Structure formats: C-alpha cells, structure tokens
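Dear colleague,

I am passing the structure on to you with this message, and below it you will find my notes on helix packing and on the empty spaces. Please read them with the coordinates open.

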Amino acid sequence: MVRYRISTRLIPMPMIYAMIRTIGELGARTVGMVRWAGKGAGFLLPSFLGMLAVLRRPRLIIQQLYSVGVLSMVIIVIAGFFVGMVLGLQGYIQLSAYKAESALGLGVALTLSRELGPVVTALLFAGRAGSALTAEIGLMRATEQLAAMEMMAVNPYERVIGPRFWAGIISMPLLAAMFSVVGIYGSWLVGVGQFGIDHGIFWSTMEAGVDFGEDILNGVVKSAIFGVVVTGIALFEGYYAKPTSEGVSRATTRTVVNSSLCILALDYLLTSLMFAGPA
Amino acid sequence: MNARTTNNSSAEDALITIENLEFGFSRELIFKGMSLIIPRGKVTAIMGPSGCGKSTLLGLIGGRLKPKRGSINFAGRRVDKARGKNLYALRREMGMLFQNSALLTDLDTFENIAFPLREQTALPEEIIRIIVKMKLELVGLRGAAELQPAELSGGMARRVALARAIALDPRLVMYDEPFVGLDPISMGVIVKLIRELNDALSLTSVVVTHDVQEGLSIADYVYILGDQNVLGHGTASEIQNSEDPMVRQFIQGLPDGPVPYQYPANPYADDLRHD
Ligand SMILES: Nc1ncnc2c1ncn2[C@@H]1O[C@H](COP(=O)(O)OP(=O)(O)OP(=O)(O)O)[C@@H](O)[C@H]1O
Ligand SMILES: [Mg+2]
C-alpha cells in the first residue's frame, strides 16, 4: 500500500496511463505481426506445393509468362534506355574531369548489372506486374472464382498461384538482363555517339572489367530473389484481399509499397553479402 | 416442428445428414445444435432471412468451412472430417451455382464449362467438345459458346454457371440465390431448369433462397432457417399451411413478429442520446 503511494507520487498518473497504453499497443502490434507471419507461412507452403504440382503443366506457366513477363517488356526496355542514357551522361561528365572517359563502358556495365538492373527492374515490375497480379487474384476472390474452383475440386494454389509464381521468378532475371543490355546501349549512344568516346575502347574496357561470376551471376541471383519477393507479396496480398472493391484497391497499394521497400532493403543486404564480403 | 426429433424422410433416403451442427465465424454462433436432412432425388429449398447463414450452410456442405461441432454426412462420408484428396473426391460429386455465377473471367463460355472436365478428367478433346455442347444445349445456350463472361447477361451467366456445375454429372447441385436479380422470364427459365435437371439427371438439388414464392413453388421439401437453427420444415404445402408463428411470419413476410425485424442492438433511445 505504502509503496504504491510513493510510486504514484514519483510518476504522475497520466504518464502511467501512457506507459500502459504504449505497452498495450506494442502487444497488439506484436500479435498483429505474428498473425501476419502465420498467414504468410500458411500461404507459402501450399504455394510451394502448388508450384511443384504445376510443373506437370508447363502450358499454364507459359500463359502466365506472357501476361507477367512479355507484357512488362515495353516499360522495362524504355526505362532501361533512359536510365542508360542518364548514366552515360553523368558518367561522362564525372569521368572526363579526370580524363578517364574510356572507363565509361565499364562503369555503366557494372552499375547496371550489379545494382540498377535488378533493382529498377524489380521496382518497375512491382508497379506493372505485381499490382496487376494482386488486382486479378483479389477480384477472383471477390467474385467467388476461387471458391468456385475449390468447389470444382481444383486447388487454387496449383491452378492460380503456382503458375504465376513461376512466371514472376522466371521473368524477373530475364527482364533485368534486358534492362541492363538496353541501358548499356543507351549509355553507348550518349558516350560514343554524342561525346565521341572511341567505340572500340568503350566495349573493350567493359569486356575486360566485367566478371561473369562476380557481376553478371550475382545480378541474376539478386533479381531472381527479387522475383520471389515481389511475386510472393503480390500473390499473397491478392489472395487475402478483403473481397470488396476497397479491399482490392488497398491490397494493390500494399503490394507496390511493401514490395518496393522490401526490394530496397534486401538490395542493401544482398550487396553487402555479395560484394563486401571477405575477398 | 423440430429437425432433431422428426423428419419425413428416413435415413436411407438422405443424401446429406447434418447433425447437431455448430458454427460461427467468430465467437458468435451462426448455427447452434442444428440438424437437418436433405432427401435424395428431391429439390430441397433452404429459406430464411438475409444473414441467417444460408450461404454459410452451403459452404459447410461443400467442406469450404469446418464446423465447430457436429457432423455433416454426404452419401455416407463425413465432409467435415475430409481433407485434401478425400475432400476433393467428395466435391467432384457436388456442383455449385454461386450467387454471382463466379464464371472464370479469363475463359470464354465454352472453356468455362470445359474447365472442370479438363481439370478432372483425361477425356480427349473430341469428347469434351461433345459434353460441353450437350450441357450448353441443356441450358439453351449452345449458340453462346464463344461469348466471354463479360458479354453475358446476368441470367445467361447463371445458366452458363449451371451448365458448368453439372459438367461432371454430380449427384448434388447447390444453388445459392438462383433467382436474385432476374427478370420474370429468366426467373421462369431458371425455375424450370432446376426442376427439369433434377428430374432428368436424377440429381439432388438444394436451392437456397429468400424468395418465399419461388422457393415454395419449386421445392419438394422446405427448411426455414433462423435464430441459429431450423425454424420449421416440411413439404411445401405443409409449410404453407403451418400454424407455427415463426414460420407464418416468414412466409407471409410480416415485418415484425416472433422473429424481430431489428438486428440486436442497444435500446433505441440510448443510442440516440449517446451518438
Ligand atoms: N467470411 C466471413 N467472415 C465473417 N463473417 C461472415 C463471413 N461470411 C458471412 N459472415 C457472416 O455470417 C452471417 C451469415 O452469412 P451468410 O452469407 O451465410 O448469410 P445468408 O443467409 O446467405 O444471407 P443472404 O441471403 O444475404 O445471402 C452474416 O451475419 C455474415 O455477416
Ligand atoms: Mg447468401
């Protein structure tokens, strides 16, 4: 009793309330996160089984490769070209100050294959294909198409989720490679075409300096991981979207925001693992 | 008038037997100790006010929802215990018409009906084509095979969904609100179809509806749900002549009676004062 009185005198009541509220909110948020993680695990396992099962039906995967991958090509090519031109321009301005403009090809190729190719492609992919996947699946949920499939004894994880997951994972490295290649040509156009760097030097420094395992392969691994993350988030958000127009619209927004943040955070992690590890 | 004590159909005639069912999405129960029997080969109507759990009941029969307590028997097998392959095997014997048709929007009419055949059987393309045409003919839409779902009217979409539901020749077809939003002619077509398909293909049909008139006109047997349980059941004429006040209130559409019109709430005056 006595102790209680002392403590309330030392710590004013509103502060105690605020502390209790904070602890309560923390608890609620933790419970929310645990529930979200549980839902995620409950989604990933059947998705994985669905992916294995759908391997027997490559036609379904090819169909999705078209709508997920091929339809994203235009935006990737255009964006890659402009990003490459900007890199060429900025690179030339900086490098020429040190009379090192011959290294432009190498610099651009490394930047694109290691970082910008995978990252910008994944960001564009999240906006172009990820949002479309979420909206499509969310609407399938809202219009009871998923329930109808289940009632026709068709597993939606196998028929709907599996092929789309594969398509996302396969498309992403290909799109990132396309982005990098087009970007290199963009920088070539600026460096060689506009500023008159020697054509042969532009390509030969690149050839000599870019390592297949260190640069290209790491970039491919990166973008494959981004493919898993972006497609996974998009499918998850669609599958668990609230079956209303507002629910689908929110889920679509969450897909773009969450996968963009995940890509950027993951990129730092992967870069430090791949390029900053013990030499 | 309690499903637990008496029922006109004997157990052998039952395709579906539900016993002591308890279910709720949250702590609040939608069904509490409910029992009912769906007789084989008949059209059974399940009626009740909006939100009483009619769609939920179909979800339970199809095994998409699991009861908290009680059993659901379909042709001698427990739907509520079935999982994975066994559950899918059970569902292959059921067809379901969803309230908003639920046609797959990325496939045309023909492919929608072919969908369960392609997924569930290894039939050659030639046979699938014949079966789809036959099912389309049954619902009178053979000419619409090439149309996309978005090009179908609501009534047509429902008939396509019906053709899809019977593509695999199920033993049971469940209809969720098949009459909602149809003009009188389309409504007549659907009513006729449900009856004819039931008799011609010797199906068992469960029709969920809150349309009393259509429900009573189409059904051999009627269940009225409400208040977490079966309010009353019997043949259509038994229901029509029922003395039970709750049943009478529902079929005559009286706004208030033993079944309250109001969703449970605080006293009205309190509500107005505080908000
Ligand atoms: N997925 C869900 N999650 C939580 N509650 C739900 C869900 N689906 C339905 N409910 C609730 O369960 C109750 C029964 O819903 P149900 O859809 O079975 O009603 P219904 O009898 O089919 O009504 P209607 O005639 O309007 O279609 C409703 O009160 C509804 O709010
Ligand atoms: Mg309903």
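In this predicted model, helix α2 of chain A, which covers residues 13–54, and α7(A) have axes that come within 8 Å and cross at roughly 85 degrees. An angle from 65 to 115 degrees counts as roughly perpendicular, and α2(A) is therefore roughly perpendicular to α7(A). On the side of α2(A), the residues that meet α7(A) are A:Gly42, A:Phe43, A:Leu44, A:Pro46, A:Ser47, A:Gly50, A:Met51, A:Ala53 and A:Val54, while α7(A) brings A:Tyr157, A:Glu158, A:Ile161, A:Gly162, A:Pro163, A:Phe165, A:Trp166 and A:Ile169 to the contact. Sorted by class, the contact of α2(A) with α7(A) consists of 12 nonpolar, 4 polar and 1 charged residues.

A second helix pair in chain A is formed by α5 (residues 104–142) and α8 (residues 199–209), whose axes come within 7 Å and cross at roughly 50 degrees. The two helices are therefore oblique to each other, and α5(A) passes α8(A) in a right-handed crossing. The contact is made by A:Leu104, A:Gly105, A:Leu106 and A:Ala109 from α5(A), together with A:Phe202, A:Thr205, A:Met206 and A:Gly209 from α8(A). Here the classes are 5 nonpolar and 3 polar residues, with no charged residues in the contact.

In chain B, α3(B) and helix α4 (residues 125–138) have axes that come within 9 Å and cross at roughly 120 degrees, so that α3(B) and α4(B) are oblique to each other. The crossing of α3(B) past α4(B) is right-handed. From α3(B) the contact takes B:Thr109, B:Phe110, B:Ile113, B:Ala114, B:Leu117 and B:Arg118, and from α4(B) it takes residues including B:Ile128, B:Arg129, B:Ile131, B:Val132 and B:Leu136. By class, the contact of α3(B) with α4(B) has 8 nonpolar, 1 polar and 5 charged residues.

Turning to empty space, the largest pocket holds about 1500 Å³. It is lined by 38 residues, and those closest to its centre are A:Glu150, A:Pro156, B:Arg64, B:Tyr88 and B:Arg91. Two or more lining residues are given by each of α5, α6 (145–151) and α7 (156–194) of chain A, and likewise by α1 (54–61), α2 (84–91) and α3 (109–120) of chain B. The largest share of this lining, 5 residues, comes from α2(B). The lining of the largest pocket divides into 15 nonpolar, 8 polar and 15 charged residues.

As for enclosed space, a search of the whole structure finds 1 cavity of 30 Å³ or more, and the volume of the largest cavity is about 150 Å³. Of the 16 residues that line the largest cavity, A:Met152, B:Met94, B:Gly95, B:Met96 and B:Ala165 lie nearest its centre. The elements that give two or more residues to this lining are α6 of chain A, together with β6 (94–97) and α5 (154–165) of chain B. The lining of the largest cavity comprises 12 nonpolar, 1 polar and 3 charged residues.

With best regards

Conventions
Residues numbered from 1 in each chain as written. Chains lettered and ligands numbered in written order. Predicted model: local features only at pLDDT ≥ 70, side-chain atom pairs only at ≥ 80, totals over all residues. Heavy atoms only, no water. Axes fitted to C-alpha atoms, helices over the stretch in contact; angles between N-to-C directions. Helix = DSSP H or I, 4+ residues; strand = E, 2+ residues; numbered from the N terminus. Parallel < 35°, antiparallel > 145°, perpendicular 65-115°, else oblique. Left-handed = near helix turned anticlockwise from the far one by under 90°. Contact = heavy atoms within 4.5 Å. Nonpolar A, V, L, I, M, F, W, Y, C, P; charged D, E, K, R; others polar. 1 Å grid on protein atoms, 1.4 Å probe; cavity = no way out; pocket = protein on both sides within 12 Å on 5 of 7 lines; lining within 4 Å. Points joined across faces, edges and corners; volume = space filled by probe spheres on them.
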